[in-house]
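Let's take a friendly walk through a protein model together. Keep the sequence and the 3D view at hand as you read.

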Amino acid sequence: MEQIIHPGAIMNSIVFSLIGIVILVVSFYAIEKFTPENLYKEVIDNKNMAVAMVASAFIIAIAIIIGFAIHG
């Protein structure tokens, strides 16, 4: 009888997810360093919605790229 859940596939998913999260955090940190203002301060203290939307769009775009790269 064939197994429905393969332990190797689950382990691969966990490893690739962790790699994707690390890449996402590193890329966001790099963008944070290249921008002239602190994004957190700009969004929280100054209530700048435009910066919040750009940052969220960046995170979504990088997550889509990483997801497609991992998925193949």
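## A serine to start with

Does serine 27 count as buried or exposed? Serine 27 counts as buried, because its relative accessibility is 17% and the cut-off for buried is under 20%. You can find serine 27 in helix H1, which covers residues 7-34. Once neighbours within four places in sequence are set aside, serine 27 is in contact with Phe58 and Ile62.

Please keep in mind that this is a predicted model.

## How confident is the prediction?

The protein chain has an average pLDDT of 84, and 97% of the residues score at least 70. Confidence is highest in H2, at 87, and lowest in H1, at a mean of 85. Here is a good habit for any model of this kind: where pLDDT is low, the predicted coordinates should not be read in detail.

## Helix H1

H1 is built from 28 residues. From its first C-alpha to its last, H1 reaches 41 Å, close to the 40 Å expected at 1.5 Å a residue. Which residues of H1 are buried? They are Gly20, Ser27 and Glu32, and the buried residues of H1 pack against H2 and H3.

Leucine 24 is also placed in helix H1. Not counting residues up to four places away in sequence, leucine 24 touches Ile59, Ile62, Ala63 and Ile66. Take leucine 24 and isoleucine 66 as an example: they are 42 residues apart in sequence, and their C-alpha atoms are 7.9 Å apart in space.

## Helix H3

Now look at H3, with its 23 residues. H3 reaches 32 Å from first C-alpha to last, close to the 33 Å expected at 1.5 Å a residue. Its buried residues are Val51, Ala55, Phe58, Ile62 and Ile66. These buried residues of H3 pack against H1 and H2.

Alanine 55 is one residue of helix H3 to click on. With 15% relative accessibility, alanine 55 counts as buried. Leaving out neighbours within four places in sequence, alanine 55 is in contact with Phe28 and Leu39. The C-alpha atoms of alanine 55 and isoleucine 31 are separated by 9.2 Å, and these residues are 24 residues apart along the chain.

Alanine 63 also has its place in helix H3. Why does alanine 63 count as partly exposed? Its relative accessibility is 36%, and partly exposed covers what lies between under 20% and over 50%. Alanine 63 and glycine 20 are 43 residues apart in sequence, with 7.7 Å between their C-alpha atoms.

## Two rings that pair up

How many aromatic pairs does the structure hold? It holds 1 aromatic pair. The partners are phenylalanine 28 and phenylalanine 58, and their pair is tilted, at 6.3 Å centre to centre with 35 degrees between the planes. Phenylalanine 28 lies in helix H1 and phenylalanine 58 in helix H3, so the pair ties together parts that are 30 residues apart in sequence.

The burial of the two partners is worth checking too. Phenylalanine 28 counts as partly exposed, at 27% relative accessibility, whereas Phe58 is among the buried residues of H3.

## Helix H2 and the loop after it

Helix H2 covers residues 39-44, and glutamate 42 lies in it. Where is the nearest side chain of opposite charge to glutamate 42? That side chain belongs to lysine 41 and is 5.8 Å away. Glutamate 42 has no salt bridge, although it is buried; a salt bridge would need a distance within 4 Å. Apart from neighbours within four places in sequence, glutamate 42 is in contact with Glu37, Lys47, Asn48 and Val51.

One of those contacts, Lys47, deserves a closer look. Lysine 47 is found in the loop between H2 and helix H3, which covers 49-71. At 62% relative accessibility, lysine 47 counts as exposed, since the cut-off for exposed is over 50%. Lysine 47 has a positive phi of about 55 degrees although it is not a glycine. As background, most residues other than glycine have a negative phi.

How values were computed:
Residues are numbered from 1 along each chain as its sequence is written. This is a predicted model: local features need pLDDT of at least 70, side-chain atom pairs count only at pLDDT 80 or more; totals for chains, interfaces and linings use all residues. Side-chain values use heavy atoms; hydrogens and water are left out. Helices (H or I, at least four residues) and strands (E, at least two) are DSSP runs, numbered from the N terminus. Buried means under 20% relative accessible area, exposed over 50%, partly exposed in between (1.4 Å probe, protein chains only). Lys and Arg count as positive and Asp and Glu as negative; His and the chain ends are not counted. Contact means heavy atoms within 4.5 Å. pLDDT is the predictor's confidence in each residue, from 0 to 100. Rings of Phe, Tyr and Trp (its six-membered ring) pair if their centres lie within 6.5 Å; planes under 30 degrees apart count as stacked, over 60 as edge-to-face and the rest as tilted. The expected span of a helix is 1.5 Å times one less than its number of residues.
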